[in-house]
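Trainee: Could you walk me through one part of this model up close? I'd like to look at the surroundings of the ligand.

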Amino acid sequence: MPGPPIPLLTRRALLAAGASSLIAPAFAQEPRLAALAAASGIVFGTAAASYELRDADFPPLLARQAAMLVPEYEMKRAVVEPRPGAYDFSGIDTLMAFARAHNMAFRGHPLIWYAANPPWLEDAVLARRDEKLLTGYVTALAGRYRGRMHSLDVVNEALADDGNGLRQSFWLKVFGPSYMDMAFHAARAADPAALLVYNDYGCEPGGPLGDRVRANCLGLLDGLIARGAPVQALGLQSHLFAFGQHVDQRKLRDFLAEIAARGLAILVTELDVSDEGGPSDIALRDQAVADEASRYLDVVLDNRRTATVLTWGLTDRYADPPQSLRLKMTGWRYRKFPFDAGLRPKPLAGALARAFSARRPA
Ligand code: XIL
């Protein structure tokens, strides 16, 4: 919820005061990300999992830093519908209860995706070619939480990640591109209030592949709009790379202008900045992560249609699950989230705070 307008000078003064403490190597002060975002008209939030809520010290950080929650994996169909028609909403309900108790909004993610499905689903779709296998799930999930979702990622990752048009998923093979329309219409019928989102990755980085994915994304959205599907927003997953393909600010700005020109809202849905390939020096890695986030956020927050920034986790503590093969083999841990494993703010938290504080008032 945007707060009362803050006069520009006060805002700048606040920013200057906040920024110096945020750049200091030891973070004496914890920036208040949700509050800073709200003052600039942005809802800041994060993905979380219900097991994280059982830690003693994490829930208070989550409650004071985030104004919106999204399930990190507990709304995936593999979890929700392990056997046909046998729904398990327990993880979602736990997260939603936490969100309600702390006055946080809630996002749904994902409804229709090619991945994280129960093993029975693909076989059933290929064999029966029954639209109900798609629409029935959308109706069940969106209907159960009707009126309680800020937004819903109705279709996730429908674009091929090699830049060649649409992803050859079992949904596409069986129903053609109209599987997306079916999902959007079913979601709208089940929940008239939630903002309906097409969510994907690959539009953020520069480079020739980024150009192709951006063009394909605009084509996909134009198709949905032309056919009358109720798509209302583009979700940019925003999995960035500190030591890989960087953001091209000019291309990103132009792309977002195209999205806004179509009347769509822009949501940053899964921000994190991979430090893979970086030096062993943690300070250097953390700074590179923060710098890439700044380059990205400066452009994304400059667009007036941008409404949310969610990170795909608040703390590095849960970035490497104990079963992670990479962790077991190399001992290497990600540092891609705003707070470290001890829940102390990192330079990325400072980058977020500065980006929110610098946003032009509406
Ligand atoms: C990932 C989760 O983080 C994992 O826990 C899960 O096992 C697989 O999915 N794009 C998405 C997210 O849209 O749903 C993915 O989340 C990360 C990439």
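Mentor: Sure, let's start with the make-up of the shell: the residues around the ligand split into 3 nonpolar, 4 polar and 4 charged. Keep in mind that this is a predicted model. Going through the shell by name, the charged ones are Glu 72, Lys 76, Glu 157 and Glu 270. The polar ones are His 109, Asn 156, Gln 237 and His 239, and Tyr 73, Trp 113 and Trp 312 make up the nonpolar part.

Now zoom in on the oxygen atoms of the ligand. Asn 156 puts a polar side-chain atom 3.0 Å from a ligand oxygen, and Trp 312 does so at 3.0 Å as well. For Gln 237, the distance from a polar side-chain atom to an oxygen of the ligand is 3.2 Å. As for cover, the ligand on its own has 420 Å² of accessible area, and the protein covers 66% of that. The space the ligand takes up is the largest pocket.

How far to trust the model? Mean pLDDT for the protein is 93, with 92% of residues at 70 or more. Residues 1-26 are another matter, with pLDDT under 50 throughout.

Methods
Residues numbered from 1 in each chain as written. Predicted model: local features only at pLDDT ≥ 70, side-chain atom pairs only at ≥ 80, totals over all residues. Heavy atoms only, no water. Near = heavy atom within 4 Å. Polar contact = N/O pair within 3.5 Å; in protein donor to acceptor, adjacent residues only side chain to side chain. Areas by Shrake-Rupley, 256 points an atom, 1.4 Å probe, with all protein chains shown as cover. 1 Å grid on protein atoms, 1.4 Å probe; cavity = no way out; pocket = protein on both sides within 12 Å on 5 of 7 lines; lining within 4 Å. Sits in = over half its atoms within 2 Å of the grid points. pLDDT = per-residue confidence, 0-100. Contact = heavy atoms within 4.5 Å.
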